[in-house]
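Let's take a walk through this protein together, moving from a single side chain out to the strands and the space between them. Keep your viewer open as you read.

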Amino acid sequence: MRKILLPILFILFAAQSQAFAQDDDAELGSTQDTAPALRDENSIMDESDLEPINPAPPQERAEPRPTAVPSASVAPKQPAPLAKERPESVAPKSSSEGFRLLDGRRKPGSTFGFGVSRPTSIGKYNHYDYLYGKPRSFPTFYGGYYLGSYLFDFGIVGRSAYYSAQGHPLATRDSIQTPQKGDLEGQLKDDNQKIALTLIPLQTTAELAISPFKVRWIVLRGWMGWEYLYVQETIEPSLASTTTNTSSGTYTSAGWNSGVVTGVMASFSMTGLDPRADYSMRALGIDRMYLSLSFDIVKTVQAKMGNFDRKTYGIAFSFEGLR
């Protein structure tokens, strides 16, 4: 009996061991198949843990965020007050360029100036030099308006001045008389008396101006016109040399001469040296400022008060305004 049971038990035990072995192999295969998946799943979870919970869309993250500081190319919304007051066409650029050109060539509208002049001689004869000495400097003024521009600028300019001098009269004169023709050489003067001369010329001239440059760095001017000359001479009466009271009375002679005046002027621009000063002048209606050198000749036509021909050199500050 034992011989029969022992082989049966051995067979059953071997079969059961083989079944357990197959079950272990199946579990091991399933574990190997699912391990990569678990590793992939774990790796994905590890990468996702580094990202935020609610990530922004890619297109939103790609766009740059605006900064609070504006870029240099963006113009301010509200310009400075000076930018509103200053017209765009007259804004100064730099000290070397001056103001920007308007319609190509600059066209002046008005002109005026003031300066100092000195005659080289007065009168046809030596009356002035003999009685009053050498000519002296005197102030001059002028102003006018340019009517138009076509290659030349042409306009009407008025000029005036004030001249005074003092000297000693002739010893033989006890009143003012029209100067004699010819020189006064050999005649005596009375040093105890005084004589005063006042000249006020009033000139109306037609003027032409031209500049070889568009920006009018140099302007050449020429004029010709008519002059009315107010002449006044005041002399004290003849008194004895021992008399100290000289207030007993005076003699005055006054009248008008007329003549023809011609002149030329070279003006050198001073605009552009200081843009701020240039802009201040523009606020007053002054476009350019010049340093001007002039020379004019006056020929007496009607010598009611004597001959006062003269040649005069002058220097002046000149100004121009645009039309």
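## Starting from a buried arginine

Arginine 159 has a relative accessibility of 11%, and because buried means under 20%, this residue counts as buried. Keep in mind as you look that the model is predicted. Arginine 159 sits in strand β5, and its side chain makes a polar contact of 2.7 Å with the side chain of glutamate 207. If you display what surrounds arginine 159, leaving out residues up to four places away in sequence, you will find that it touches Phe141, Tyr142, Pro201, Leu202, Gln203, Thr205, Glu207, Trp223 and Met265. Glutamate 207, the polar partner, is thus also on the contact list.

Now zoom out for a moment. The protein has 323 residues, and 32% of them are buried. Its secondary structure comes to five helices and eleven strands. Take the contacts between residues at least 6 apart in sequence: 72% of these join residues at least 24 apart.

How do the strands pair? A good place to look is β3, which covers residues 108-122. β3 runs antiparallel to β11, residues 310-322, and 13 bridges join the two. To find the register, place serine 121 opposite lysine 311 in β11. β3 also pairs with β4, residues 138-150, again in the antiparallel sense, this time over eight bridges. Here glycine 115 stands opposite threonine 140 in β4.

Strand β11 deserves a closer look, and two of its residues make good stops. One is threonine 312, which lies in β11. Is threonine 312 buried or exposed? Its relative accessibility is 3%, so it counts as buried. Its C-alpha atom is separated by 5.5 Å from that of arginine 118, although the two residues are 194 apart along the chain. Beyond residues up to four places away in sequence, threonine 312 touches Ser117, Arg118, Pro119, Phe138, Ser294, Phe295 and Asp296.

The other stop is glutamate 320, also found in β11. With a relative accessible area of 2%, glutamate 320 is buried. Which side chain does glutamate 320 meet in a polar contact of 2.8 Å? The partner is arginine 216. Setting aside neighbours within four places in sequence, glutamate 320 is in contact with Pro108, Ser110, Arg216, Arg221, Gly285, Ile286, Asp287, Arg288 and Tyr290.

Finally, turn to the empty space. A search of the whole structure finds one cavity of 30 Å³ or more, and its volume is about 320 Å³. Its lining is made of 26 residues, and those nearest the centre are Ser117, Phe138, Thr140, Ala161 and Asp296. Some of these names are familiar by now: Ser117, Phe138 and Asp296 are among the residues that threonine 312 touches, and threonine 140 stands opposite glycine 115.

Which strands build the lining? β3, β4, β5 (152-161), β7 (195-210), β8 (218-235), β10 (288-302) and β11 each supply at least two residues. β11 gives the most, with five. As for chemistry, the lining residues divide into 16 nonpolar, seven polar and three charged. The strand that pairs with β3 over 13 bridges is therefore also the one that gives the most residues to the cavity lining.

Definitions and conventions: Residues numbered from 1 in each chain as written. Predicted model: local features only at pLDDT ≥ 70, side-chain atom pairs only at ≥ 80, totals over all residues. Heavy atoms only, no water. Pairing = 2+ DSSP bridges. Helix = DSSP H or I, 4+ residues; strand = E, 2+ residues; numbered from the N terminus. 1 Å grid on protein atoms, 1.4 Å probe; cavity = no way out; pocket = protein on both sides within 12 Å on 5 of 7 lines; lining within 4 Å. Points joined across faces, edges and corners; volume = space filled by probe spheres on them. Nonpolar A, V, L, I, M, F, W, Y, C, P; charged D, E, K, R; others polar. Buried < 20%, exposed > 50% of the residue type's maximum accessible area, 1.4 Å probe, protein only. Contact = heavy atoms within 4.5 Å. Polar contact = N/O pair within 3.5 Å; in protein donor to acceptor, adjacent residues only side chain to side chain.
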